[in-house]
Amino acid sequence: MTTATPPPAEQLAAARDALTQVEAQVNRAVLGQRQVVREVVVALAAAGHVLLEGLPGMGKTLLVRALAQALGGRFARVQFTPDLMPADITGHAIFDMQSEQFHIRRGPVFCNVLLGDEINRAPAKTQAAMLEAMQEQQVTIEGQSLALTPPFLVLATQNPIEQEGTYPLPLAQLDRFLLKSYIDYPGADDELSVVRTVTAGRVGDGLDLSAVSAVMAPAQVLEVQAAAAALTLDDAVLGYALRLVRATRDWQGLDSGAGTRAAVALVRAARGHALLAGNAYVSPDDVKAMAPAVLRHRVRLGAELEIEGWRPDDVLAELLAAVDAPRA
Amino acid sequence: MDLSRMTATARPRSPWESIDLGFALARTWFLPLWLCWWLTAAPLALAALVPLHRHPDLWLLLVWWCKPAFEALPLHWLSRALFGEQLALPAAARSLPRALPPRLWPQLLWRRIGMGRSFNMAVTLLEAPRGGARGQRLRVLRTGAAGWLTLVCVHLEAILWLSGLLLLAFLVPEGLPTPDLEAAIFDTGSAPYWIASLGMVLAMSVIAPCYVAAGFALYLGRRTELEAWDLELAFRRARATRRTGRLRPGSTAVLLLAVLLPASGTATTMTSDEAEARIEAVLAHPDFGGTREAQVWVYVGDDDAQPDEPRVQAQLPAWLIQALAEGMKWLLLIAAAVALALLALPLVRDLAAGRRQHSAPAEQPGAQVAPAEADAGPPPADLPAAVRRLLAAGDVRAALALLYREQLRHLRAAGVELPDSATEQDCLRAARRLGEPRRLAYLEQVVGAWQAVAYGHRPLEPAAVTALLQDQDTFAPAGGRG
């Protein structure tokens, strides 16, 4: 049984309200992607980074910009290209002729919400530049470690690997993302609303964030994250999360399963989900709900399943149906 | 025809060698041959456009049908070029009337369809035999390779045409209308069909020089073989040497015979008796007579070879040989069976795995971390008593777990499918599908209490559990608690 003191009911309610408002604001800009928006808000509560995957034109960038606007913190955007250098993200030292000293020019990574657009268009060296920032919340420039200001959230978008001109993300970096969300085609009604809204009385196809207003301050984000981290977590639920993660390692059809960081990520995501649901404790339902998003980029399908057209979600669905839920 | 001016070596060639020579000639003189083809084809194709511009299929058929006429000029040019006279294009155009004699008409009418056109055209146009002489001449020279040549060239033509068409289709940039390949082949009135027809004529023009040259080379090869052009050229060279005084006296008679023989220039038709008499007359000459003895070494085998094996075999009794053979047979059969089993084992394993559909991990990892229902033991025989006992012991969580699992058991008995992997919300969703509001409301109470106590670690009065216990009997399946 966990020993953390559960947060007071008022704090929980405030945190839940704040998250719900953020979710509502983002949903005003991004139509028809409620599941993805929810997962992103859960990642916000769990202080985790999100990898968004989907075909071009599905609203990935819009979603991230809407979230940044709803949070009201510092936002930065990096368009990843094949010639992008690590220093373009982290920053670099420049020599000041007047003072005859080197000065650090901070890169776009020094912000609260960083949008890494089309992250898989850059080669691995540049992608790896974000590893330290994502994991340790700090950046080293010319041997000097500079802490990032919390909250720091990376939301990266990527096109499916099958697209030409993309570089698969290194496994080590994939593991740094708390969740990976798929943005799929919206339903017919939602798509109709999108087209109607975007084309009504507007010139061009720029992102419309006018409906999104800031409902949360960066300091409030930290409070929400602290509340999520303090939710009660029973050993039975913890065991269930661990069983799920460990099952991926022996599952037939998976070449490699999820690591220990995945178990940690699953519990963190479950906490965020529970908070958004208004619960003071984490239940197996929270774990089960977040398992696909947490595990899908941490397992690798075997060649046989790849050839047969399986996706990680298909295997994870079978796995979730086979691992016993706690009943005692 | 002056054989000494021939630019290709005259020697006996197999039909395929002759065709190869023809293709080499076509490669050497491709441009003039190709232009010669168009010199005849272009006027006719353009002229035919006037009446047939609405019928590209008929236009294409006409062009195809007139191919012998288009091939006449390249053949004429080639026959001159081979003997050192390469006509310029204007000169070739002027020689068009000579290259298209009236005897070409049958090639365009009743002799149009045939596999030996490339060869027959050479005989018909270059030798110009008349009437029955043509047939007699063709019978003498006939070669089956001409048919194969036509077959190969037809295929080359089709491949070239189709490749060009597909290349054109694939090179159309995205955004432009996609080329309609079906219309290019079947829709006679469409623009793609016209493009395809033009492509076909272009393919004909590219293959035609090779076809004409290969047919002509076949003709040359056949005549070289039958009329011994190579020997004639050799004798001519020998005579030239003799004039310079270097010829050996012994060859004089043969040389004279060869040079003076009246029929040495052209293969003629004769009866077998006449041919036999001619051969005997030639062989009767002293140069063909005489006997010569020659001695050569012939390998007759190793004298030291020891025929041991038959001797050993002879020494062994027949029953032993039989037993050994039988034993070896069974050994091989067993080895084959083992090999088959070893091969089949992975297949069977894979099939079994496929049937499981990746369903279950080798173990339930983490089962030791926290017990699932399977580890919670069988349901107690007397549930109320067991719940009260647990409440008395202060274990509210275990008491609620019993109640929760009992409800799940009731749901299963009512036909609801609930796997062991179903979480609380899964169970509630399944219960909603059952359509029993009272049962659902009760289950929601139990689940709420269970989750608050088990996962939320909230205290719950035993009295609340007792109240839930009292209600649970209502939903027990018929026939007792079961």
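# A tour of chains A and B

Begin in chain B by selecting Gly435(B), which follows helix H20(B) and has a positive phi, near 75°. As you look, keep in mind that this is a predicted model.

Now extend the selection back over helix H20 of chain B, residues 424-434, where the buried residues are Glu424(B), Asp426(B), Cys427(B), Leu428(B), Ala430(B) and Ala431(B). To see what these buried residues pack against, show helix H19 (396-413) and helix H21 (437-454) of chain B, and then add helix H11 (284-295) of chain A, since the packing of H20(B) takes in that helix as well.

**The rest of chain B**

With the whole of chain B displayed, you will find 22 helices and zero strands. Chain B has 482 residues, of which 35% count as buried. If you count the contacts in chain B between residues at least 6 apart in sequence, 71% of them join residues at least 24 apart.

Select next helix H1 (residues 15-28) and helix H12 (residues 191-227) of chain B, whose axes come within 7 Å and cross at roughly 135°. That angle makes H1(B) oblique to H12(B), and the crossing of the two is right-handed. On the H1(B) side, show Pro15(B), Ser18(B), Ile19(B), Leu21(B), Gly22(B), Phe23(B), Leu25(B) and Ala26(B), which meet Pro209(B), Cys210(B), Ala213(B), Ala214(B), Ala217(B), Leu218(B) and Gly221(B) of H12(B). Coloured by class, this contact of H1(B) with H12(B) shows twelve nonpolar, three polar and no charged residues.

A second pair in chain B is made up of helix H3 (residues 56-65) and helix H4 (residues 67-81), with axes that come within 5 Å and cross at roughly 40°. H3(B) is therefore oblique to H4(B). Their contact is made by Val63(B), Trp64(B) and Trp65(B) from H3(B), together with Lys67(B), Pro68(B) and Phe70(B) from H4(B). Five of the residues in this contact of H3(B) with H4(B) are nonpolar, none is polar and one is charged.

**The sheet of chain A**

Move to chain A and display its strands in the order E2-E5-E8-E1-E9, in which five strands form an open sheet with parallel pairing. At the edges are strand E2 (75-79) and strand E9 (177-182) of chain A, each of which pairs on one side only. From one strand to the next, the twist averages 15°.

At the E2(A) edge, select strand E5 (residues 113-117) of chain A as well, because the next detail concerns this pair: E2(A) and E5(A) run parallel and are joined by five bridges. One residue to pick out here is Gln79(A), whose bridge partner in E5(A) is Asp117(A).

Then bring in helix H2 (residues 34-45) of chain A, which lies across strand E1 (49-53), strand E8 (153-158) and E9 of chain A, and runs at about 170° to E9(A). Keep H2(A) selected and add helix H3 (residues 60-71) of chain A, for the axes of these helices come within 11 Å and cross at roughly 45°. The two helices, H2(A) and H3(A), are therefore oblique to each other, and their crossing is right-handed. The side chains to show are those of Val36(A), Val37(A), Val40(A) and Leu44(A) in H2(A), and of Leu63(A), Leu67(A) and Leu71(A) in H3(A), which make the contact. By class, the contact of H2(A) with H3(A) has seven nonpolar residues, and neither polar nor charged ones.

**Smaller stops in chain A**

Away from those helices, select strand E6 (residues 138-141) and strand E7 (residues 144-147) of chain A, which pair in the antiparallel sense over four bridges. Within this pair, Val139(A) has Leu146(A) of E7(A) as its bridge partner. The hairpin of E6(A) and E7(A) has two residues between the strands, and in it Glu142(A) takes a positive phi near 55°.

Select Gln173(A) next, in helix H6 (residues 171-176) of chain A. Is Gln173(A) buried or exposed? Gln173(A) counts as buried, because its relative accessibility is 0%. Leaving aside residues up to four places away in sequence, Gln173(A) touches Ile119(A), Gln127(A), Ala128(A), Met130(A), Leu131(A) and Met134(A).

The tour ends at Gly187(A), in the loop between E9 and helix H7 (188-199) of chain A. With a relative accessibility of 37%, Gly187(A) counts as partly exposed. Show Gly32(A) beside it: Gly187(A) and Gly32(A) are 155 residues apart in sequence, while their C-alpha atoms are 6.7 Å apart in space.

Technical notes
Residues numbered from 1 in each chain as written. Chains lettered and ligands numbered in written order. Predicted model: local features only at pLDDT ≥ 70, side-chain atom pairs only at ≥ 80, totals over all residues. Heavy atoms only, no water. Pairing = 2+ DSSP bridges. Axes fitted to C-alpha atoms, helices over the stretch in contact; angles between N-to-C directions. Contact = heavy atoms within 4.5 Å. Parallel < 35°, antiparallel > 145°, perpendicular 65-115°, else oblique. Nonpolar A, V, L, I, M, F, W, Y, C, P; charged D, E, K, R; others polar. Left-handed = near helix turned anticlockwise from the far one by under 90°. Buried < 20%, exposed > 50% of the residue type's maximum accessible area, 1.4 Å probe, protein only.
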